Each structure stands twice: as structure tokens, then as C-alpha cells.
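Visitor: Please show me the model, and then take me through its strand pairing and its salt bridges.

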Amino acid sequence: MSNIISGKTYDEERALYALDGATVDGCTFSGPADGESALKESRNVDVKNCKFELRYPLWHSHNFKLSDSSMSETCRAPLWYSCDGKISGMKITGVKCLRECDRIELVKSSAVSPEFGWRCRDIKIDDCDFESEYIFFESSNIDVHDLRLKGKYSFQYTKNVTIADSDFNTKDSFWHAENVRIENSTIRGEYFGWYSDGLTLVNCKIIGTQPFCYCKNLRLENCTLEECDLAFEYSDVEADVKSHIVSVKNPKSGHIVADSIGEIIRGNNVYPCDCEIVIRANA
């Protein structure tokens, strides 16, 4: 990239529209003109050490790098319809970041952004801190490592997700999710995994009320459950739980093995429920 744009301030509409093959270093996108879409339709750009305060800066951008920069609360919806990008060392506080994007990698970045990552495909995350009420709604092919997440309705309607070494504090997460594998992680929150199909957890800790209801093809391997009551209602489940479960209610089919169970609730069910429940001997 021979074209270097450094130390400039831009506030006009589409200030660097369709920029191709350039480095943008130490620039500020702010000012009284309040212009939108500064780098819309950019190609092959390396954006670093920049400050974004205006709306929609990177829409329809292709093959970009975005590093060591900040996007303020006034930088709304900063990345939509973009592809083939690497985001690193970023601090994002604008709403609705990342929508309808493809092949985006996020590394060592933080985001406080409601509705983050909607309807995206092929996303990689490593060593990040995110806070979002609805994160990755209807997104697919997501690979997550070392994510600290604070959310509410996380990963709903997602498909083909792998998560490892992460810590989630959320509720109503992974509802209607398909083909999800979570390893070596902690998930805190209510009503985890309802209506999912193909949810697998390995070496995980799950904390919170009423997890895993109405699930299909649910599998737990070497997991622990804390404060989990009324678990597994109407679910097809294969579970190896290395802890106590407060209560299990009307699991539909499969097998549950646990160290101990406070209460097994059977009856008053509207579906046939013949899941085998076993208390591990000498636990």
C-alpha cells in the first residue's frame, strides 16, 4: 500500500469513498459537517490508530484491516455488509456493530454494542470482551476462543458454532441454535439452550435455573451444573453430569447420569417421557 493518509480529520459525507489500496493512520472522523459513510465501498485498506465518531464508516468494505482504533457511541452501525476483514485492538461502543458481514476475524478487542453481529457468516473471535443484549442473532459458522461475554439473548438462532475457553454471563442463550459445540467454558444464566438441536457441551460449568428444555440431540460430557433446577424438560438428552442437579423434570428420552439429584419430577407431562435417569454409584 503506497498511498498513506495520516493525521487528517474528516467530517464530510463519504470522505474517503471507494478508497483502494491505502493505509489510513492516525485520522479522526468527526466534526460539524456530521458526514456519514467515511470509508464506504473501500477496498484493500489498512486502518489504524484512528478515532471514529460518525455513523456507518465501513459499509460494503472488502479486504480490510482495522486496528488499535476506537468507535464511539455516536459511531452507529459501523460495519455492515463488509467482508474479509481483521479487527484487532479495537474499542467499540457504537450500537449495531457488524451486520450481514462475511469472513471477519476479531482479536483482542472489546465491544459494548447492542445487537452485535446479526446475520453474519464465518466469524472468528479470539481473546475478546463483548457486552451485547442480542449478540450474533441468526449468524452461522462462528469460531470462538477466549471470549468474555455479558449479554442477555445471546447466540439465538445461530448455526454451526464452536466455543472454547470462554466465560458467558447471559440469559436465554442459544435458543433455537443448531450444531453448537462448547468446550471448557462457563455459562451463567437462565433458560440456557431451549429449543436447540445438536447442542454439545464438554467439560463445561452451567449455572442457573431451568436449562436445556425442549432440546433435540443434546449432549453433556463431563459437565457440572450449579443452581440448575427443572432441567431437561421434554428434551432428548445424553448427559454425563459430574455434580449435583437440583431437580430434573420430565426429560423426554435418552440417558442422564449424575452424582446426585435433589428431585426427579415425573408426571403431568404432555409428551411421552422415558428418559433413563441414573445416580452414579460412589459419587
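Guide: One term comes beforehand: buried means under 20% relative accessible area, exposed means over 50%, and partly exposed lies in between (1.4 Å probe, protein chains only). This is a predicted model, in which local features need pLDDT of at least 70, side-chain atom pairs count only at pLDDT 80 or more, and totals for chains, interfaces and linings use all residues. Residues are numbered from 1 along each chain as its sequence is written, and side-chain values use heavy atoms, with hydrogens and water left out.

Visitor: How many bridges join β15 to strand β16?
Guide: Strands (E, at least two residues) are DSSP runs numbered from the N terminus, and two of them pair if DSSP finds at least two bridges between them. Strand β15 spans residues 121–132 and β16 spans residues 140–153, with I125 of the former standing opposite V144 in β16. The two strands run parallel, and the number of bridges joining them is 10.

Visitor: Which residue in β15 is the bridge partner of A111?
Guide: Strand β14 (residues 110–112) pairs with β15 in the parallel sense over 3 bridges. Strand β13 (residues 102–107) also runs parallel to β15, joined by 5 bridges, and there the partner of D102 is R121. For A111, the bridge partner in β15 is F130.

Visitor: How many residues apart in sequence are the parts that E190 and K171 tie together?
Guide: A salt bridge is a side-chain nitrogen of Lys or Arg within 4 Å of a carboxyl oxygen of Asp or Glu, and the side chains of E190 and K171 meet in one at 3.7 Å, N to O. E190 lies in the loop between β20 (186–188) and β21 (197–202), whereas K171 belongs to strand β18 (residues 167–171), so the pair ties together parts that are 19 residues apart in sequence.

Visitor: Is E190 buried, exposed or partly exposed, and what is its relative accessible area?
Guide: Its salt-bridge partner K171 counts as partly exposed, at 28% relative accessibility. E190 is likewise partly exposed, and its relative accessible area is 32%.

Visitor: What is the relative accessible area of E233, and is E233 buried or exposed?
Guide: The side chains of E233 and K249 meet in a salt bridge of 4.0 Å, N to O. E233 lies in the loop between β23 (218–226) and β24 (236–249) and K249 in strand β24, so the pair ties together parts that are 16 residues apart in sequence. K249 counts as partly exposed at 26% relative accessibility, whereas E233 is buried, with a relative accessible area of 15%.

Technical notes
Helix = DSSP H or I, 4+ residues; strand = E, 2+ residues; numbered from the N terminus.
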